[in-house]
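Hi there,

Here is the structure I promised to pass on. Have a look at it first, and then read my notes below.

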Amino acid sequence: MRIERISTGIPSLDNLLQGGVPRGFLVALVGEPGTGKTIASIHFIAQGIKEGDKCIYCTTEESRESIIAAASLFGFNFEKAIDENQLIIIDALLKKKDDPWMLKSLDTQELLQKVIDAKKELGYGHGRLVIDSLSAFWLHAPAMARRESYIIKKVLHPWNFTTYAVSEYAITTGEAFGFGLEHIGDAIFRFRKYVRGGVLRRFLLIEKCRLTAHDLRMWEIEIIDGVGMILKSPTEYRAEDVRLPRQVAEKVLKAKEKKEMEFP
Ligand SMILES: Nc1ncnc2c1ncn2[C@@H]1O[C@H](COP(=O)(O)OP(=O)(O)O)[C@@H](O)[C@H]1O
Ligand SMILES: [Mg+2]
C-alpha cells in the first residue's frame, strides 16, 4: 500500500519522515516556549498554500497580525492567501464584533464549529489545520485534556484535514499543562531548548510517527531570518542532558502539589 505523504514545508524535516507525514494525520507539536513550534506550523501552512490546500490557522497565543508578520519574515505572503480565500486565520485574542473568524471564548465546541465553518468557506479539498495552541483550551481544567483531545480528533476526522496541534510545555517542569494530545497524536514532534556554553540552542526529536520509518536522532534546529527553519545536524546529546536535573524537577513538582492543596 502506498502512503500519501504531506510535506512539512521544511525539506530537512521531510527527509527524516520518508517524505512527510501521512495524509490525514494529527501531529502533536510539543515543547517549551520559544522552541520553534509556531515557526514549524507557519512552514506547514506556507507549504499548503503552495500546494493549493485549504489552510486554517487557529492562534491563541499570538494575534493574527503577529502570525502574518512572522510568516512574512520568512518570505511567506499569508495576506495574499487570505485575500485569495486559501487561508483563514482564526484568532482567539481578537475582540472585534464584525470579524467572523474570532473565538469568543476558549471553548473546544466553539473552536470545532469555527474550524468546520472555515473549511466550508474555503471549499472542497485537502485541508491543513494548525491549532496553536490547544493547551489554551484546558488551562482551567488540565484533567480534561485527554477527553477533549479525543473529541477534537473524532469530530474533525471526516473533514479531510492533516493537522498540527501545538501543546505548550511549562518552562519549569518541561511538562504539559494536562497531557492529552500526546495520547491521541499519530505523530509527536518534541521541541526542546537549552543553553550550552552561554548560547541558546534548539532541538527537534520525532518521538513518534505511525506508518513511518522515521529518524530517531535529536536534531539541532536553526531559525534563519529570511529563510526559516532548517534542521542542521543530529546531536550527540542524550535526552538526560536536556532535562532538568531530577532533584530540581522533583522540587518543582512538590511545590506545585503544595500550591494545589492550598486551593481546594
Ligand atoms: N525572523 C526570525 N529570524 C530568526 N529567528 C527568529 C525569527 N523569528 C523568530 N525567531 C526565533 O524563534 C523564536 C520563536 O519561535 P516560535 O516558533 O514562536 O516558538 P514557540 O512557538 O515554540 O514558542 C524566537 O524566540 C526567536 O529566537
Ligand atoms: Mg508559539
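Let me start with a pair of helices. α2 and α3 are roughly perpendicular to each other. This follows because their packing angle is about 75 degrees, and angles from 65 to 115 degrees count as roughly perpendicular. The axes of α2 (residues 37-51) and α3 (residues 64-73) lie 10 Å apart. On the α2 side, the contact is made by Thr-38, Ile-39, Ile-42 and Ala-46, and α3 contributes Ile-67, Ala-70 and Ala-71. By type, six residues of this contact are nonpolar, one is polar and none is charged. Please keep in mind that this is a predicted model.

Helix α2 also turns up at the ligand. Which residues surround ligand 1? The shell consists of Gly-31, Pro-33, Gly-34, Thr-35, Gly-36, Lys-37, Thr-38, Ile-39, Leu-73, Phe-191, Ile-223 and Asp-225. With three residues, α2 gives the most to this shell. Thr-38 and Ile-39 belong to the shell, and both also take part in the contact with α3. The shell divides into five nonpolar, five polar and two charged residues.

Now to the sheet. Nine strands make up an open sheet with mixed pairing, in the order β5-β4-β6-β7-β3-β8-β9-β10-β11. At its edges are β5 and β11 (228-234), each of which pairs on one side only. On average, and ignoring direction, neighbouring strands are turned by 20 degrees against each other. Helix α5 (residues 108-122) packs on this sheet and touches β4, β5 and β6. The direction of α5 makes about 155 degrees with that of β4.

Strand β4 deserves a closer look. Are the residues of β4 (residues 54-59) mostly buried or exposed? Six of the six are buried. Lys-54, Ile-56 and Cys-58 point one way, while Cys-55, Tyr-57 and Thr-59 point the other way. In a regular strand, side chains alternate between the two faces of the sheet.

β4 has a parallel partner on either side in the strand order. With β6 (residues 127-132), β4 pairs over six bridges; here Ile-56 stands opposite Leu-129, and Lys-54 has Gly-127 as its bridge partner. With β5 (residues 87-91), β4 shares five bridges, and Tyr-57 stands opposite Ile-89.

I hope this helps you find your way around the model.

Best wishes

Terms used
Residues numbered from 1 in each chain as written. Chains lettered and ligands numbered in written order. Predicted model: local features only at pLDDT ≥ 70, side-chain atom pairs only at ≥ 80, totals over all residues. Near = placed C-beta within 6 Å. Helix = DSSP H or I, 4+ residues; strand = E, 2+ residues; numbered from the N terminus. Nonpolar A, V, L, I, M, F, W, Y, C, P; charged D, E, K, R; others polar. Buried ≥ 20, exposed ≤ 12 C-beta atoms within 10 Å, placed from the backbone. Pairing = 2+ DSSP bridges. Axes fitted to C-alpha atoms, helices over the stretch in contact; angles between N-to-C directions. Contact = placed C-beta atoms within 7 Å. Parallel < 35°, antiparallel > 145°, perpendicular 65-115°, else oblique.
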